[in-house]
Amino acid sequence: MGAALYSGVTLYHHWKYKQALQSPNQIRHCGKFIEQTKVVHERFGRSDRVEHIYTFSNELGVSFSFTGSRPVIKQLPRLTSLQPEQPVCFQYTPSAKDRNGLFFTLTKIE
């Protein structure tokens, strides 16, 4: 039963990401990549999940952070090789957030 539940949740998150990619409500900024940080989530007293947070700034210096979930990394593999201060354009949809509801969904980088 655990495997079926995990599979169902995974399919749901992939479906939600596809919806974000198809959203007509996309916002695009150009600026630079700032950093990648790791957040360790602990469950039942042990560290078992690492989440990567990618931070960008736009041309005005306003910061934007996005999670690197599996669907995002699959769609945007270049995300993992960005270097600090690297010029980049990034796109997201404000109509979709990550699984924790904290960050908007990153849909494109150039």
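The legends below describe close-up views of a predicted model.

**Figure 1. Overall arrangement of the predicted chain, with its two helices and five strands.**
Read from the N terminus, the elements follow one another in the order α-β-β-β-α-β-β. The chain has 110 residues, of which 31% count as buried, and its accessible surface comes to about 7100 Å², with 56% of that surface belonging to carbon and sulfur atoms. When contacts between residues at least 6 apart in sequence are considered, 54% of them join residues at least 24 apart.

**Figure 2. The disulfide between C30 and C89.**
The structure holds one disulfide, in which the sulfur atoms of C30 and C89 are 1.9 Å apart. The link is right-handed, with 100° about the S-S bond. Because C30 belongs to strand β1 and C89 to strand β4, the pair ties together parts of the chain that are 59 residues apart in sequence. The two cysteines fall into separate accessibility classes: C30 is partly exposed, with a relative accessible area of 26%, whereas C89, at 15%, counts as buried, since the limit for that class is under 20%.

**Figure 3. Surroundings of I27 and H29 in strand β1.**
Strand β1 covers residues 27-43 and includes I27, a residue that is partly exposed at a relative accessible area of 28%. Although I27 and F90 are 63 residues apart in sequence, their C-alpha atoms are 8.4 Å apart in space. With neighbours within four places in sequence left aside, the contacts of I27 are F90, Q91, Y92 and P94. H29, also in strand β1, is buried, with a relative accessible area of 15%. Beyond residues up to four places away in sequence, H29 touches N58, E59, F64, V88, C89, F90 and Y92, so that the cysteine C89 of the disulfide is found among the residues that H29 touches.

**Figure 4. The largest nonpolar core and the strands that supply it.**
This core is made up of 15 residues, and the members that touch the most others are F56, F66, L76, L79, F90, L106 and I109. Strands β2 (46-58), β3 (63-67), β4 (87-97) and β5 each supply at least two residues of the core, and the largest share, three residues, comes from β4. In soluble globular proteins, nonpolar side chains tend to be buried together.

**Figure 5. Aromatic rings, with the stacked pair of Y92 and F104.**
The count of aromatic pairs comes to nine. In the pair formed by Y92 and F104, the ring centres are 5.6 Å apart and the planes lie at 20°, which is under the limit of 30 degrees, and the pair is therefore stacked. Since Y92 lies in strand β4 and F104 in strand β5, this pair ties together parts that are twelve residues apart in sequence. Y92 counts as buried, at 6% relative accessibility, while F104, at 31%, counts as partly exposed. Both residues belong to one aromatic cluster, which is formed by F33, Y54, F56, F64, F66, F90, Y92 and F104.

**Figure 6. T107 in strand β5 and its polar contact with Q26.**
T107 is placed in strand β5, which spans residues 104-109, and T107 is buried, with a relative accessible area of 6%. The side chain of T107 makes a polar contact with the side chain of Q26, at 2.6 Å. Apart from neighbours within four places in sequence, T107 is in contact with Y17, A20, L21, Q26, L76, Q91, Y92 and T93. Among these contacts of T107 are L76 and Y92; L76 is one of the core residues that touch the most other members, and Y92 takes part in the aromatic cluster.

**Figure 7. The positive phi of E85 in the loop before strand β4.**
E85 is located in the loop between α2 (70-75) and β4. Its phi is positive, about 75°, although E85 is not a glycine. Most residues other than glycine have a negative phi.

Conventions
Residues numbered from 1 in each chain as written. Predicted model: local features only at pLDDT ≥ 70, side-chain atom pairs only at ≥ 80, totals over all residues. Heavy atoms only, no water. Helix = DSSP H or I, 4+ residues; strand = E, 2+ residues; numbered from the N terminus. Buried < 20%, exposed > 50% of the residue type's maximum accessible area, 1.4 Å probe, protein only. Polar contact = N/O pair within 3.5 Å; in protein donor to acceptor, adjacent residues only side chain to side chain. Contact = heavy atoms within 4.5 Å. Core = buried A, V, L, I, M, F, W, Y, C linked by side-chain atoms within 4.5 Å. Disulfide = S-S within 2.5 Å. Areas by Shrake-Rupley, 256 points an atom, 1.4 Å probe, with all protein chains shown as cover. Phe/Tyr/Trp six-rings, centres within 6.5 Å; stacked < 30°, edge-to-face > 60°.
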